[in-house]
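Here is a short report on how two chains meet, and on the state of the cysteines. Please look at the interface first.

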Amino acid sequence: MDASNIDLNELWAGQNSDKPVLKDLHNKMDGFKKNYRRKIIRTNLLLVLTSVFIVFIWVYFQPELITTKIGIVLVILAMAMFILSTTKSLELFNKIDETDDTQHYLKKLLAIKEKQLYIQTTILNLYFVLLSLGIGLYMYEYTLLMSTVWAVFAYGLTGLWILLNWFFIRPKQMKKQQQKINDIIDKFKNIQSQLNQE
Amino acid sequence: MAFEEIYNTYWQKIFRLCMGFTNDHDLAQDMAQETFIIVWKQLPKFRNESNIGTWIYRIATNNCLRQIEKQKRFPSAEMPKNITEEKQTNIEPKIQLLYKFISELKETDRIIISLELENINQAEIASIVGISEANTRVKIHRIKEKLTQKFKENGRK
């Protein structure tokens, strides 16, 4: 092939693709919207259901001690915070301006990703602390009804479960999430450096 | 400008840009569609003070880069060859080669050369990508050299 007289522009324009009918595109758009709505409803439903369940326990069993009530509130709080932060973190992307030039767009994208990383780490830690505290407080009233041996056993088991969560499950989950975001951040940084090379 | 008019005018151009980026016909088609969905959503916010072409190409370019996040698929260079080629048997081999070579470049180079080959002037390219005109000119020159080199090497094989 003689490379010296290749007309790149002409070759470039030789590539074509059938234009999908506009109706297909509209259908796709509707699909996107429906999906998004469904997703939001699903997360909020989960939150509402859990809260209803916990409130039901409160009303049905009529806890007497304030520790139980605080425990319940902390557990609800932990879950609400977790779900809200996930939604919030997704929403960050809706604010990005897609019509910005690449240089600025990348900068904003990176800022969002770093913020996501921060939210995830902080919220996950907070979630575990609130949940553990909540469960610990919630149990107190019921362990008072048990013999000392059983009470120690119950707290021991719960304590063990919490430690397992804190030292094994939490770091593992965090590492997985962080790695995913960090990979993307690295890729975007690499693209950014491409632009700034002279 | 009405959406339908934009769609008719820009579909092939945007498709080619996505194709240069991925060299994967199906993926490029999806990406082009995504671009137009964003265009459709953003159109009410478009102000006539800027060029509609620049505006659309910015959306398309940013959308291409966002693919990196979604890329669970193989990077284009590692795609099994017969899959990409099968879809384009009706296309001249030289054209296929050009798109293959472009998709092997660095991400931003793919975008810049695609815009250049679409006959967009360099000042506009600079404003789409957000770098200086001088830098754009240098980059285009280097990329074209690289592409010609690739064609030469291919011819010798």
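## Interface area

In this predicted model, about 5,000 Å² is buried between chain A and chain B. Carbon and sulfur atoms give 61% of that area. The size of an interface is often given as the accessible area lost when the parts come together.

On the chain A side, 44 residues are in contact with chain B. On the chain B side, 58 residues are in contact with chain A.

## Polar links across the interface

Between chain A and chain B, one salt bridge is counted. Its partners are Lys113(A) and Glu69(B), with 3.1 Å from N to O. Polar contacts join 25 residue pairs across the interface, both residues being at pLDDT 80 or more.

Which helices of chain A each supply at least two residues of the side that touches chain B? They are α1 (8-13), α2 (22-61), α4 (102-143) and α5 (148-196). By class, that side of chain A has 22 nonpolar, twelve polar and ten charged residues.

## Cysteines

The search over all chains finds zero disulfides. Cys18(B) is in none, and its nearest cysteine sulfur, in Cys64(B), is 4.2 Å away. Why is there no bond from Cys64(B) to Cys18(B)? The two sulfurs are too far apart for a bond, at 4.2 Å, because a disulfide needs sulfur atoms within 2.5 Å.

Are these two cysteines buried or exposed? Cys18(B) counts as buried, because its relative accessibility is 0%. Cys64(B) is buried as well, with a relative accessible area of 0%.

Key. Residues are numbered from 1 along each chain as its sequence is written. Chains are lettered from A and ligands numbered from 1 in the order in which they are written. This is a predicted model: local features need pLDDT of at least 70, side-chain atom pairs count only at pLDDT 80 or more; totals for chains, interfaces and linings use all residues. Side-chain values use heavy atoms; hydrogens and water are left out. Buried means under 20% relative accessible area, exposed over 50%, partly exposed in between (1.4 Å probe, protein chains only). Contact means heavy atoms within 4.5 Å. Buried area is the accessible area (1.4 Å probe) that two parts lose on being put together, summed over both. A salt bridge is a side-chain nitrogen of Lys or Arg within 4 Å of a carboxyl oxygen of Asp or Glu. A polar contact is a pair of N or O atoms within 3.5 Å; within protein, one must be able to donate a hydrogen and the other to accept it, and residues adjacent in sequence count only if both atoms are side-chain atoms. Helices (H or I, at least four residues) and strands (E, at least two) are DSSP runs, numbered from the N terminus. Ala, Val, Leu, Ile, Met, Phe, Trp, Tyr, Cys and Pro count as nonpolar, Asp, Glu, Lys and Arg as charged, and the others, Gly among them, as polar.
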